[in-house]
Each structure stands twice: as structure tokens, then as C-alpha cells.
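Please open the structure in a viewer and keep the sequence panel at hand. The tour below proceeds by selection, one stop after another.

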Amino acid sequence: MLIAAVAIFVLVMVLLAAGWRAAAGSTAPTAMAAKGSERIWILGLGLAFPSTVLLALLSYGLWIGERLLPREGADVTRVEARASQLSWTFSYRDAPGRATENVLHIPAGRPVDVAITSADVIHSFWVPRLAGKLDAIPGHVNVLRLEADRPGTYAGLSAEFSGPGYDNLTFTVVAHPPEAWQGFLEDSR
Amino acid sequence: MNALARHRRLTAIWSSRPGWKGWFSTVNHSDVGLMFLATAFFYFLVGGILAMLIRAQLATPHSAFAGPEIYSQFFTMHGTIMMFLFAIPVIEGLAIYLLPKMLGTRDLAYPRLTAYGYWCYFFGGGMLIISLLFGIAPDGGWFMYPPLTGKIHSPGINTDFWLIGITFVEISAICAAVEFTVSVLKYRAPGMSLDRMPIFAWYILVTALMILCGFPPLILGSILLELERAFGMPFFQVGLGGDSLLWQHLFWLFGHPEVYIIFLPAAGAISTILPVMASTTLLGYRWVVAAAVALAILSFGLWVHHMFTTGIPHMGLAFFSAASTLVAIPTAVQVFAWIGTLWKGSPRLRLPMLHILGFFFTFVIGGLTGVMVAVVPFDWQVHDTAFVTAHLHYVLFGGFVFPILAAVYYWLPLVTGRKRYFRLGEVAFALIFLGFQITFLPMHWVGLMGQRRRISTYGAEDGWTAINLISSVGGFVLAFGLAMVLLEVMLNVIVRHRSERNPWLAGTLEWATLMPAPAYNFASLPHVDSRDPLWDDPDLPVRLARGEGYLGDPVGDRRETIVVDVATGAPEQHVIYPANTFLPIVMAATTGGFFLSVLVKLYWVAPVAVLGVAVLACIWVWRLGSREDPGDQSIGRGIQVPNITAVDRPPGWWGSAFLLVANAIFFGSLLFGYAFLWTVAPDWPPPAFVAPSIFVLTAAPVGAVIAIVACALAVRNNRAGKQPVVGLLLALGGTLGVAAAFGVFLIHAPSPTAHAYGATLWVFGVYVVLHALLAALMLVFLLCRHRAGYISAVRRAELAIAPIWIGYLGVVTLLVTVAAYLPGLVT
């Protein structure tokens, strides 16, 4: 995407700069020539060129977006994230009654659905290295699919201005290997 | 009468009063336009200082410069001021000043309304500045998302300043939009058909229509949020049938078109200036007009792209993602039309052209990152990071500030009649251009590295220190460049160094006036045969000054102009404008009294202020018209047209029609909100429905039908030379019947504080009652006017306006009745 964007930018700048050169050498334009250049500039560069680029980009985006959607599966774990202006509270379907503050435990190598909601104002759940962000809105539950390929610790952020305390509204995601995940679940019993 | 005598006579007629009184009573578009521009640039300074404070705060990690509470006010007010108090008013000011000159006429459609709009902006902006000075400025982000901005999480007065102040300022935008629409369509030089209009006028027409459709949703949202905060009506409160997402929809339904409302006039300036800089005509005039219209329409299908992360179904996202990428096409058409224009002509690298090149460089980058953000998965990553901050500044600074600076330098000689003496502008441009890139280019990177928007500080371990410091330094370079522009403009006003006429050798009519432009614009109005009348006839200014055009001989102290046919530009009607008056500022102050009383919660004052506005409105309209039938007026060149008092569709009819468009969008947004809450919000359907009332169900439709029919009858009788009084009285009864019906409805409706259902019904009811009372006031006014002898079979124009308002009342009565009772009957 970056390469294409740079290429388009350079193209436009070159055309713009060439405007001076072209004008210096040109003679008075005839009506015919004006008609012809209107076709090149507006129909060609103005309509056809961006349409092609955008169609390709859009299909690509939708395809990726579709792949990122949460779908049902046997090995999907479900956790719940509840935001407030003070902290994030996480609870677990597989370990009823267990809740953690500002630390989300997930199994590594398995898809996890995070059901996101809010106790007060609007927040946004974001773990940059694992997935895009999704808002936490009071009265609504949004589901985000995460998957950590490797065990480890990942930084998570609130990404929607939520008033005082917004700077420090962060959390950590801990992805456990299978045994440790079982251990975490059993701990709560 | 020779040219000099004509100049003196017309100047005496059209000028503002001498001394300080002139400022407060002028209704002349040149004065008000410059007042708008000066005030807007003052706010640019304030918003710029806030930006400097933000950059000072972020320059170093763990900054102790400002605490988070104050910092929240900084960024909220920076966004709010730049959007509402700088960008929109600059456009209004520029168009108010330029439109009549470019269209070859003497003023805008409603001079007093121009002044009223300015004073609303002045007082409304003043409220926000006061909040800033006292440290109680809005602090919930310029988008004001509830529930953060609700009473529970923001109990202070900060949020109320935003909701009330901005709504007050928006009155001026709506006034200006109505005025621009009617002026472009009806107030042009004879012969200027739609396809001979200067391209700038096309852009302003499109922008004005966008304001009429885009601002009402935000005005509605602000009113609903203020009702929630002040009276506990739970429109956005979850658990009581409200939903905070409703605000986001209403806000972005305005917020996205807003970006194009800002961009299009700037594009209009480029389309005007760039061909002149290349000594040629604009390539593909019709294509550019079509692109502007397409952009306007598409921009209303985009609002959801600010809400990609709110959990909207993927199919919905696909639609809005497609629409978001689609807007790149009309933008590309314009950009390539401009580059093609340069190829066609021989470009000169004058100062306005430098700023246009700055625009190209910056805006193309902003457009490309915009396309990236329109791709949903990418947006899920960068949304609410510094990447988006960088993107929007590339679009807004590139797409708005650079073109506006080009416009300032291009039209400055017209305003001051001077030419630039000290060559500060080139240095200023270099500083602005480099400063801008240094500030915002690195911000893309730091955003991709995960720096969120609106954080007040960060840690050294985040690794953002160097980039932020570079940005801050760039920001101060940029500010220095802008300060030099300000200095140069002031020097230009002071230093006596006269410019020659038409210094850029342009072809549009504003350069056919004297320089600096006189209060009356044209000593006589030109007849236009092409898009560039000044190129066809370089002697046009002299011939106009000699009075060879239309209306060359001033009659008494009448401010006269001509109204033309919308499509062809054939002269149609003769207009006498109202002269200088204090009425606009008094009316704006009274309107301000209403907003102020709501702000400080002195609710008993509010109805008094409304009554005051109604009385002033009656005085306002009473001053127009005459007690004698005017004959056809001779406008010169052997043409006779009727006066606007003696036609079926006077300018007031057009203004009302476009105001009703905005009103209908407002009402439509309310219906949308009702349907949205019903289908999306939790806790619906409500616990109990309103019980159908026989009285409401009969009195409302019967009253509305009587009002419509009787009013039409009154108009017909009057034209036939018979008495309209009986029809008007019957119509009055009908409107009062509707008011009574919905008064009863309000009494029986469920509590507005218990559930969003009751709250919405309450707003519906009040909306109908207000419109019924407004229609009744119009009818009473007409009865008085008839009694006083202002209405006759010939002077029938006064009767033209009430019927459309009463027709509108009929439609909303029907829709509200259905919306209120149907759900209860079905379930």
C-alpha cells in the first residue's frame, strides 16, 4: 500500500512539474487539442485511473476483513472485557467466577473471542500486535477475534478518549502455552 | 450624470454610517464579509496558540507543562475553534465578500440576514472564548461523545458551553447557506446563465446546499444532548432506552460532509486562481462542476467510516468502505483537471501559485493516506492514533489553509487597492510549507508505532521522544510563517503603494469594480455573454462606470438591483434592498439572550427571549414593502420588469423554500433517531405506549387541512381582487387547532424522563406546536399587513410565503401523528 501510494504521489508531482515544461514549448492550443486533452486528463487520469486502483484496493481490504471476522469453531475460547474509566476487568467463560484486573489471560495458538463492553463511557480495546481495535460501548457487546501465535506478554491500550485517567488506561495480555492455560483455568476452581 | 458624480451618489447610498455606529449597523456585504474574515482569522490565531500549547506539551516525555484536565481543554478547543470558528466562517466571509462582485450584482439576497449571521457568530464565538479564559472550556473532545459528555461523567458547565455556543454559531452558517443558495440562483448579472457562472459560484452553491443538509443533524444532536443534560431526557443514556451510538451517527452525519464543506470552497478558489495563474481557462468546466456535485452527494454516504471500530456488521462496513474509496474519484477528476489546465496554459510562479503548489503536494499525500484509512482492516489498526491526526491535517491544512492563503494573496489587492511592497510572502510560504511537513510527516510514523491521539503525555521508554520533538519544532516554524503572513497583510493595509487595476489579468467580474472595491460594487450592472467577460471586453470597467449597463441612474436613496431567471439569467424582477439598520445586532443579541439563559439555567428568561425574537422578526419584515402598487420598473437598456412586491415568487419565497429544506432534514434526522433507537438501542420497546386520543386524532388532521385549504383560498381571492381576510382567519383557526391538539398530546404523553421513547415523543410534540404557532404568527402578521394596506391584488408577494410553511406544517403533523401512534396500534 505504501509503495503504491508513493508511486501515485510521484506521478502527480511529475505531471505537475511537467506543466511548466509543457507550457513553455506549446503553441496556442486549438479547440481540437483542448477537446483531446480534456479526454486524457479527465476521463483517463481523473476517472479510469483511480477507479482501477480503488477497486483493487477495496477487494483486497474486504477479503482481509472477512478473514478477520470471528467465526464459530470448536477450539474458540471466549473471554469478556469490561472497560471503565479506572480499569479493564476480564472474565472467562471456561473459568466462571474468575475475574482479573488489567491483565487478560489467553491461550496461545488458539483463536480467542473477546466480548467487549463498557461500564461507563466509550472506550476502545486495542492490542496492537494481536488485532485491530474495537470499541467498548455501554449497552452493546462487540466481539473481537484475537490469536497469539506464540506465548508471551502483549501490551494493550484503551484507544478512545475517555476523560480523566485516559493516559494510563492500559492493560496487559498474557498468552499461555496449553499446560499453563489449563493451570490458569484450574487455579480458579 | 458623469462617472464621478455617479460614484459619489452611489457611495452615499450604499456606504455604512460614518464612525463607530457604522460597524454595528452596516448590512453591506463587503463590510460584513471583511468583518467575518477578520474575526475568523482572530480565531485562527487562538486555535493556533492552542496548537502550540499542545505541541509544547508533547515535545518531551513526562511533560509537566499542563495537567490532563487543562490539556483536554486544549485539544478539544483547538479542534472546535478550527472547525467551527475558523474554517466555516472564513468560507462564509470569503463568499459574502466575493459572490456579488463575481456575479456582477450589488449585494447578496438578504443584506440584513448577512449581518444577523455575523452577529450570531460573534456572540456565539464569544461565549466559547469566555469559557476558555475562565478555564471552564469544553474538554470531552471536539466530537463530544456521550456518555463521557453526559451529566453523570461531565457534570460541569464545560460541555454546555460547547453545545449551546456551537448551536448559536451554526445559526450563522444556516443563514449564510440560505443566502448563498438564493443569491447564486437569483442574484446575478443579466445574461449570466448557469453555465456562464464563475466556477467559484458553482462551488459555493454546492457548499451551501451541503450546509443546509449537513448542519441540521448536528443541531438536532446538540439539542437532544442538552435536553438530556439539563432535563434528564435519556436520549443517549443506556438503561433508559437511549444509546450513545445515536450521537455518533448524528455527529458524523454532519462531521463528514463538514470536511467537504470546508474543502469545496477552497477547491473553488483554486479553480478560479489556477487558470488565471496559467493565463488560460479551466480545463473541463462542466466536468469540474459535475465532480463537485458528485463529491457533495457521496460525502453524505460516508459518515459511518468514522465508526468502523464501533462494531458495525461487516456487510455495512463493506458498503461504507466502498463509498469512502469512491470519493477519491471526483477528487481525482478535479486534481487532474487542474494539472491539465497548467499544461494547457503557461503557468506563472506568482505567490498565490506557490500556495497552490503547496496545496498539491500536501493534499495529494493526505488523499492517499485517506484512501488507506478507508480500508477497514487498516483503519482498525490506525484509528485514534497520531496517524489519523497526521492524515486529517494533511487534508485540512493542505486542502483548506494553503488554498485560503492563495486566495488571501490573490484577492488582497481588490480589498485594499494596494500591492505588496515588502516581499515577506515568499519567505512566509517557505516557512509554512517546511514547518508543516516537519510537523506532520513524522506523525504518521509515531502513529504507526502506536502513539494514541489525545494522550497528555508519554514515557521515555515508548521511544517516541525524538519524533515528537521534531514535530514540535516544525510546529513552531509553521507558526512563525503564519505570523509573517499576518504581518504582511497588515502592512499591505497601511503602506500606500497603489496596485494597478486587474493585477492578475483575470477574466471574472470582481476585477471590473474600482480598486479597492466600492460599497456599491458596480456603478451599473453588466450584461454577461461569456464566462470571462473581462477578457471579451477589457473596457468593461470604464463602460460600467459611465453607467452604460443596467440600473445606471440611482433613484433617490434606493439600493437597487436585479433578480434574474435561475437558468437563463434573463432579468426578472427589480429589488429595493433595506438600508443600514441596528436590527440585526439587536436581534442577534436577543437570540443570544435565549442561549445564555439556557446556559446559565435561568430558564424563565428563555421564553421572554423567544418572544423578543418573534417581535423583532415582525418589525424586521414590517419594514419592507409599500402601500402603493408599483408599476413595472425600468432597469435600463430598454427593459422593464416588475418589482419583487408584485410577483408570485419573491426572493423571500426562495429563501423560505431552502430554509424548509434544512428544516426537513432536521425533522428527518429526528425520525431517523427514533427509528434507530427503536431498532438498535437496548431496552426497547418501551414499557408502555401512548394511548391514542380521539381529540388529537381529529383536531390535528382537520386543523391542518383547513389551514392549507383556507390559506390557498386566501391567496386566490386576493389575486382575483377579492378579500383574503376570511381565508386567513380560517387558516389561523386551523393552525391553532393543530397547536391545541399537540398541546393535549404533550399532556398525555408518557414521562419524557423515564424512557427515551417518552423523550422522543416530547420533542415531536414540541416541534409540531412550535411550527403551528409560527404559522399562526405569520397569519396574524398578514392580517395586520392587509389592514395596514400593504397587500393588494398587485402586491401579492407577501402572501407567497405563509402557504409553504403551512404546507410543511401539514406534512409534519401527518408524520408525527403516524410516528407517535402507529407503533402502539401495531403491537
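**First stop: chain A as a whole**

Select chain A and follow it from the N terminus: its elements run α-α-β-β-β-β-β-β-β-β-β-β-α. That amounts to three helices and ten strands. Please bear in mind throughout that this is a predicted model. Of the 189 residues of chain A, 33% count as buried. Among the contacts in chain A with a separation of 6 or more, 60% are made by residues 24 or more positions apart.

Next, colour chain A by domain. Domain 1 of chain A covers residues 2-68, and domain 2 covers residues 77-187. Measuring between the centres of these two domains, taken over C-alpha atoms, should give 44 Å.

**Second stop: the sheet with order 3-2-1-5-8**

Remain on chain A and display strands 3, 2, 1, 5 and 8, which in that order make up an open sheet of five strands with mixed pairing. Why is one side of strand 3 (99-101) and of strand 8 (142-146) of chain A left without a neighbour in the sheet? Both strands stand at the edges and each has a single partner strand, so one side of each has no neighbour there. From one strand to the next, the twist of this sheet averages 25°.

Now narrow the selection to strand 1 (residues 77-83) and strand 2 (residues 88-92) of chain A. These two strands pair in the antiparallel sense over five bridges. To find a matched position, show E80(A), which stands opposite S91(A) in strand 2 of chain A.

**Third stop: the sheet with order 4-10-9-6-7**

Another open sheet of chain A has five strands in the order 4-10-9-6-7, again with mixed pairing. Strand 4 (103-107) and strand 7 of chain A occupy its edges, each with a single partner strand, so that one side of each lacks a neighbour in the sheet. On average, neighbouring strands of this sheet are turned by 30° against each other, direction ignored.

Select strand 6 (residues 123-126) of chain A and show its side chains. Are the residues of this strand buried or exposed? H123(A), S124(A), F125(A) and W126(A) are all buried. H123(A) and F125(A) point one way from the strand, while S124(A) and W126(A) point the other way.

Then add the two strands that pair with strand 6 of chain A:

- Strand 7 (residues 134-136) of chain A runs antiparallel to strand 6 and is joined to it by three bridges. H123(A) stands opposite A136(A) in strand 7.
- Strand 9 (residues 152-158) of chain A also runs antiparallel to strand 6, with two bridges between them. F125(A) stands opposite S158(A) in strand 9.

From strand 9, proceed to strand 10 (residues 170-176) of chain A. Six bridges join these two antiparallel strands, and A155(A) stands opposite T172(A) in strand 10.

**Fourth stop: where chain A meets chain B**

Display both chains. How many residues of chain A are in contact with chain B? The contact involves 57 residues of chain A and 59 residues of chain B. On the chain A side, helix 1 (2-25), helix 2 (31-68) and strand 7 each supply at least two residues. Helix 2 of chain A gives the most to this side, with 20 residues. Colouring this side of chain A by residue class will show 37 nonpolar, 13 polar and seven charged residues.

**Fifth stop: the two domains of chain B**

Hide chain A and select chain B. Its domain 1 covers residues 28-494, and its domain 2 covers residues 651-826. The C-alpha centres of these two domains lie 36 Å apart. Their contact takes 29 residues from domain 1 of chain B and 27 residues from domain 2 of chain B.

To examine the domain 1 side of this contact, select helix 6 (158-186), helix 7 (199-231) and helix 8 (244-277) of chain B, each of which supplies at least two residues. Which helix gives the most to this side of domain 1 of chain B? Helix 7 of chain B does, with seven residues. By class, this side of domain 1 has 21 nonpolar, six polar and two charged residues.

**Last stop: an annotated span of chain B**

Finally, select residues 654-825 of chain B. An unreviewed UniProt entry lists this span as "domain: Heme-copper oxidase subunit III family profile". The span is 78% helix and 0% strand, and its end C-alpha atoms lie 39 Å apart.

Key:
Residues are numbered from 1 along each chain as its sequence is written. Chains are lettered from A and ligands numbered from 1 in the order in which they are written. This is a predicted model: local features need pLDDT of at least 70, side-chain atom pairs count only at pLDDT 80 or more; totals for chains, interfaces and linings use all residues. UniProt positions are given in the numbering used here, feature names are shortened, and annotations may be inferred rather than shown by experiment. Helices (H or I, at least four residues) and strands (E, at least two) are DSSP runs, numbered from the N terminus. A residue is buried if 20 or more other C-beta atoms lie within 10 Å of its own, exposed if 12 or fewer, and partly exposed in between; C-beta atoms are placed from the backbone. Two strands pair if DSSP finds at least two bridges between them. Two residues are in contact if their C-beta atoms, placed from the backbone, lie within 7 Å. Ala, Val, Leu, Ile, Met, Phe, Trp, Tyr, Cys and Pro count as nonpolar, Asp, Glu, Lys and Arg as charged, and the others, Gly among them, as polar. Domain bounds come from an automatic or database domain assignment. Axes are lines fitted to C-alpha atoms, for helices over the stretch in contact, and angles run from 0 to 180 degrees between N-to-C directions.
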